[in-house]
Every structure is written in C-alpha cells, then in structure tokens.
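Q: Please take a close look at one residue in this structure and at the part of the fold that holds it. A connected account of its contacts and of the strands around it would be useful.

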Amino acid sequence: SYIVRHQANEEISAGVFKRVMMYHVLFWGNAFAHILRDSAGRVIELIPLMPDRTEAFRRGGELKYKTAVGDQWRILSASDVFHIRGLSFDGLTGYSVISLARDSLGLTLAAEEFGAKFFFM
C-alpha cells in the first residue's frame with residue numbers, strides 16, 4: 001500500500017517509519033504503530049507508538065493494547081495496532097535482542113570471573 005511504500009503519515013516517510021520500527025524491535029523487542037483509518041475503513045496513517053509505553057494484554061480472550069499518549073493512557077483494539085514482535089517465548093510480546101545479548105555476555109563474564117577465583121585461589 002501507499003502508506004508502507006511512500007508515506008506512513010504526514011510527518012514520517014515510509015523509509016523513516018521502517019527504520020523506527022526496526023530500532024524499536026531491536027532495542028525493546030516490540031514495535032507498535034497506531035493504525036488510523038478513513039470512514040471507509042482504509043488505512044490512511046501509521047503513527048509509531050513508544051514501545052516502553054505500550055503493552056499487549058488479553059481481556060476476556062481478546063487482544064488489546066494499552067499505550068500512553070502524552071500523560072493519558074488509552075486502550076486500543078488489536079485491529080487498530082500494527083505490532084511487530086521480536087523473539088518471543090509466548091507469541092504475545094517480544095524480547096530485545098540487544099538485552100538478551102547483554103545478559104548473555106554479562107553471565108559469561110561472571111562465570112569466567114568466578115572460575116578464575118575458584119580454581120586459582
């Protein structure tokens with residue numbers, strides 16, 4: 001569609017939108033965009049949502065999203081949110097690849113330090 005190929009919204013080109021979504025997935029594990037439609041139901045804009053202020057949840061078996069816009073919290077239906085998940089254990093929320101790598105390196109360094117102290121002291 002035009003939105004994804006050329007202009008995500010009046011402020012953000014499709015290229016910038018794609019980069020923002022990619023960075024959000026890498027750093028936070030999830031990327032969210034609010035889908036705005038015209039009266040005929042056609043998508044007219046995609047507005048990126050901050051992943052540290054947006055979360056997916058289930059209410060009565062239905063997928064919903066809670067997001068903060070400014071200082072107000074809003075509940076959005078799944079049909080109004082474009083959600084890209086990173087690596088996921090539950091299929092609902094993704095994990096940050098960078099955070100997982102950081103934790104893995106930290107654990108490796110801690111194990112190496114412990115081994116050095118244990119075997120050489």
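A: In this predicted model, a polar atom of the T54 side chain lies 2.8 Å from the backbone oxygen of M50. The side chain of T54 also makes a polar contact of 2.7 Å with the side chain of T67. T54 has a relative accessible area of 7%, and because the cut-off for buried is under 20%, T54 counts as buried. Apart from neighbours within four places in sequence, the residues in contact with T54 are F32, L49, K66 and T67.

T54 belongs to strand β3. This strand is part of an open sheet of three strands, ordered β3-β4-β5 and paired antiparallel. The edge strands, each pairing on one side only, are β3 (54-59) and β5 (72-77). From one strand to the next, the twist averages 30°.

Strand β4 covers residues 62-69. Strands β4 and β5 run antiparallel and are joined by six bridges. One of the residues in contact with T54, K66, has I75 in β5 as its bridge partner. Elsewhere in the pairing with β5, V69 stands opposite Q72. The hairpin of β4 and β5 has two residues between the strands, and G70 there takes a positive phi near 70°.

Taken together, T54 is a buried residue in an edge strand, with side-chain polar contacts to the backbone oxygen of M50 and to the side chain of T67.

Note on methods:
Residues are numbered from 1 along each chain as its sequence is written. This is a predicted model: local features need pLDDT of at least 70, side-chain atom pairs count only at pLDDT 80 or more; totals for chains, interfaces and linings use all residues. Side-chain values use heavy atoms; hydrogens and water are left out. Two strands pair if DSSP finds at least two bridges between them. Helices (H or I, at least four residues) and strands (E, at least two) are DSSP runs, numbered from the N terminus. Axes are lines fitted to C-alpha atoms, for helices over the stretch in contact, and angles run from 0 to 180 degrees between N-to-C directions. Buried means under 20% relative accessible area, exposed over 50%, partly exposed in between (1.4 Å probe, protein chains only). A polar contact is a pair of N or O atoms within 3.5 Å; within protein, one must be able to donate a hydrogen and the other to accept it, and residues adjacent in sequence count only if both atoms are side-chain atoms. Contact means heavy atoms within 4.5 Å.
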